[in-house]
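Visitor: I'm new to this one, and I'd like to learn how to read it feature by feature. Could you show it to me and walk me through?

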Amino acid sequence: MVQGPSPPPLPDGLVAFVKRDCPTCVLVAPVLARLAAEGGLTVYTQDDPAFPEGVEARDDTGLAVSWHHEIEAVPTLLRVQDGIEKERLLGWHRGEWEALTGVEGLGPGLPEWRPGCGSLSVDPGRESALRARFAGATLRSRRVELAPQEDEAEALFERGWTDGLPVVPPTEERVLAMLEGTSRDPQDVVATVPPDLVPCTVEKVAVNAVLAGCKPEYLPVVLAAVEAACTDAFNAHGLLATTMPAGPVLIVNGPIRRRIGMNAGKNVFGQGNRANSTIGRALQLVIRNVGGGRPGDVDRATHGNPGKVGFCFPEDEEDSPWEPLSVSLGKPAGVDTVTLFPGEGPRCIVDQLARDPESLARSFAANLRTLHHPKLILAFDCVLAVGPEHARVFREAGWDRARLASRLHELLQIPGEELVRGADGMAEGGPESARGKRLPKFRPGGILIVHCGGGAGLFSAMIGGWAGGSLGSQPVIQEIAPWA
Amino acid sequence: MGVDGPRVVLDPTGERAPARRERLPRLASLEGVRVGLLDISKPRGDLFLDRLETRLRERGVEVQRFRKPTFTKPAPVDLRQEIATRCGAVIEALAD
């Protein structure tokens with residue numbers, strides 16, 4: 001959130017904010033005239049300096065005083081002492097006005113009470129422009145003026161700021177509005193972003209969140225994701241530079257999923273939900289623009305995958321047979337988190353016949369075995385996204401997440417003879433020393449199980465990882481800081 | 001210039017490069033480079049380009065001529081793409 005520069009001082013005594021367009025202000029105009037005549041009242045008028053009649057009102061048609069003093073309604077009556085606001089009344093209420101002013105018999109003939117109208121300084125059509133005018137100077141990013149003949153969208157493509165899709169121009173108004181999504185200071189450094197290792201402020205994240213199409217309420221998730229991505233454990237630099245197709249995959253847990261309207265159900269990995277589509281994109285734009293990580297340059301992916309534009313989804317916690325993934329990863333229930341996984345695109349696992357958990361676990365294991373190559377082991381982690389119709393099988397059988405994971409690890413102990421180079425006529429594989437042993441496909445903890453997807457379909461999905469473990473990239477869970 | 005003044009956006013980058021777009025580096029030589037000569041349809045631009053064409057051909061440089069439909073508008077996308085596809089350099093005859 002941006003704090004404006006210090007507000008213009010208010011005169012001591014009584015201070016009123018009014019506009020002619022407000023019937024209540026017109027109603028109390030004689031009261032204001034009386035208070036002004038008796039001394040001690042200063043009136044700021046928002047729309048017509050000649051209003052109210054008989055009062056030498058101060059012109060606040062520029063709304064600077066109203067904006068800085070957070071006037072929300074007119075009439076507002078303040079009592080100011082030594083430059084500090086002591087009392088504030090909104091609208092007209094005879095008893096309250098008499099108590100605040102110490103003057104009896106105000107407005108004879110007026111109704112006892114009338115609500116006020118909205119202050120022009122909070123008018124939806126003007127608020128963002130006023131914020132830019134009065135607080136824009138606090139933003140530090142370089143201003144780039146677009147040439148008169150440049151098309152806005154084309155201009156941003158040409159400067160290399162997009163991922164190949166159009167972006168929203170990051171005007172001062174939009175960036176300031178985005179920063180309303182966090183209580184953090186815009187100049188706080190969130191992380192040092194690879195590959196160029198550039199310190200990235202909250203403001204720069206907000207600029208890129210605007211580009212990505214985020215709403216301000218998504219910003220806390222984006223900030224947490226940037227922080228998580230730039231840890232040594234997640235190793236965003238290596239993930240960017242790899243020739244493998246993986247990119248950051250964001251899994252969101254906690255109440256924020258529903259507050260910001262994420263989709264954990266039908267088409268969870270697909271298009272159509274703004275939060276799902278833009279949060280992961282904002283992270284990727286930070287890595288591109290702030291960190292300097294661009295495809296074909298430091299990003300050496302052979303194929304990449306469409307999710308590298310941005311891949312973010314929430315877990316369906318409400319209908320899950322299990323505790324939230326975040327709780328299984330050690331975070332308290334009810335805490336908002338984002339878990340980053342270095343993943344490729346999702347692949348469907350079909351099993352329309354299994355009605356018992358053992359049979360379904362075997363189907364999962366058979367598919368997981370093939371990840372990247374059926375003969376390659378211990379190199380990659382995996383996300384197993386269990387769909388609701390598959391999850392029901394485990395719920396009815398009383399299998400918790402740990403039991404499913406444990407059974408999958410058992411089923412994925414593979415005879416070394418099947419893994420060695422040359423086995424099954426395939427050169428790819430492990431060393432001869434594997435013979436006579438059973439070796440695990442995944443390291444312990446290397447299968448992250450989430451519950452998502454929706455509607456009908458006896459399907460689940462697997463998202464293959466990139467070089468797992470401390471030498472590559474490890475999943476990182478980050479708490480999403482609350483607004484304040 | 002928009003109705004309310006210039007349109008200004010905030011730089012989303014790490015600000016390590018200048019905000020102005022960089023020119024491409026100057027070619028070290030014209031050897032093996034096809035040079036496009038772009039007439040923007042201003043009067044007598046063709047005379048200037050005729051002379052350039054003669055001089056370039058004398059040096060053994062391959063030349064291809066192009067013409068904008070009107071000098072009042074930016075070159076059509078097709079024309080720009082054709083030049084970019086066919087040529088390694090372009091000389092534009094700007095004025096009368």
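Guide: Happy to. Let's start with a hairpin: β11(A) and β12(A) have four residues between them, and in that hairpin L197(A) takes a positive phi near 55°. Keep in mind that this is a predicted model.

Visitor: What should I make of a positive phi?

Guide: The general idea is that most residues other than glycine have a negative phi, and most peptide bonds are trans. In this hairpin there's something to spot on the second count too: P194(A) and P195(A) are joined by a cis peptide bond, with omega about 5°. P195(A) sits in the loop between β11 and β12 of chain A.

Visitor: How many bridges join β11 to β12 of chain A, and do the strands run parallel or antiparallel?

Guide: Four bridges, and the strands are antiparallel; β11 covers residues 189–193 and β12 covers residues 198–201. To see the pairing, find V193(A), which stands opposite V198(A) in β12(A).

Visitor: Which other residues have a positive phi without being glycine?

Guide: Try D82(A), with a phi of about 55°. Look for it in the loop between β5 and β6 of chain A. D82(A) counts as exposed because just 6 other C-beta atoms lie within 10 Å, and the cut-off for exposed is 12 or fewer. Then there's N267(A), whose phi is near 60°. That residue belongs to the loop between α10 (256–259) and α11 of chain A. N267(A) has 13 other C-beta atoms within 10 Å, so it is partly exposed.

Visitor: And where else is there a cis peptide bond?

Guide: Between V74(A) and P75(A), with omega about -10°. P75(A) lies in the loop that runs from β4 (73–74) to β5 of chain A.

Visitor: Since β5 has come up, how do I read the sheet around it?

Guide: One general tip: in a regular strand the side chains alternate between the two faces of the sheet. Here five strands of chain A make an open sheet with mixed pairing, in the order β3-β2-β1-β5-β6. At the edges are β3 (58–59) and β6 (84–90), each pairing on one side only. Further in, β1 (residues 13–18) and β5 (residues 76–81) of chain A are antiparallel and share five bridges. As a landmark, V15(A) has L78(A) as its bridge partner in β5(A).

Visitor: Which helices pack on that sheet?

Guide: Helix α1 (residues 23–37) of chain A is one of them: it touches β1 and β2 (41–45), and its direction makes about 145° with that of β2(A). Helix α3 (residues 94–101) of chain A touches β1, β5 and β6, at about 165° to the direction of β6(A).

Visitor: How do I judge a helix such as α11(A)?

Guide: In general, an α-helix has 3.6 residues a turn, so residues three or four places apart point the same way. For α11(A), you can also check the length: at 1.5 Å a residue, its 17 residues should span 24 Å, and the end C-alpha atoms are 23 Å apart, which agrees. Of those 17 residues, 15 are buried, so α11(A) is largely enclosed by the rest of the structure. After the helix comes G292(A), with a positive phi near 80°.

Visitor: How is chain A divided into domains?

Guide: The domain assignment gives domain 1 (13–136) and domain 2 (154–479). Their C-alpha centres are 53 Å apart. Six residues of domain 1 and four residues of domain 2 make the contact between them.

Visitor: And where does chain A meet chain B?

Guide: Count residues on each side: 26 of chain A are in contact with 13 of chain B. Elements of chain A that each supply at least two residues are β10 (143–145), α6 (172–179), α7 (202–212) and α11 (274–290). The largest share, four residues, comes from α7(A). By type, chain A's side has 13 nonpolar, six polar and seven charged residues. Strands pair across the chains as well: three bridges join β10(A) to β1 (residues 8–10) of chain B, running antiparallel. There, E145(A) has V8(B) as its bridge partner.

Visitor: What is chain B built from?

Guide: Two helices and four strands, following the pattern β-β-α-β-α-β along the sequence. Buried residues make up 9% of its 96 residues. For a partly exposed example, take E82(B) in helix α2 (residues 77–86), which counts as such because it has 15 C-beta neighbours inside 10 Å.

Conventions. Residues are numbered from 1 along each chain as its sequence is written. Chains are lettered from A and ligands numbered from 1 in the order in which they are written. This is a predicted model: local features need pLDDT of at least 70, side-chain atom pairs count only at pLDDT 80 or more; totals for chains, interfaces and linings use all residues. Domain bounds come from an automatic or database domain assignment. Two residues are in contact if their C-beta atoms, placed from the backbone, lie within 7 Å. Two strands pair if DSSP finds at least two bridges between them. Ala, Val, Leu, Ile, Met, Phe, Trp, Tyr, Cys and Pro count as nonpolar, Asp, Glu, Lys and Arg as charged, and the others, Gly among them, as polar. Axes are lines fitted to C-alpha atoms, for helices over the stretch in contact, and angles run from 0 to 180 degrees between N-to-C directions. A residue is buried if 20 or more other C-beta atoms lie within 10 Å of its own, exposed if 12 or fewer, and partly exposed in between; C-beta atoms are placed from the backbone. The expected span of a helix is 1.5 Å times one less than its number of residues.
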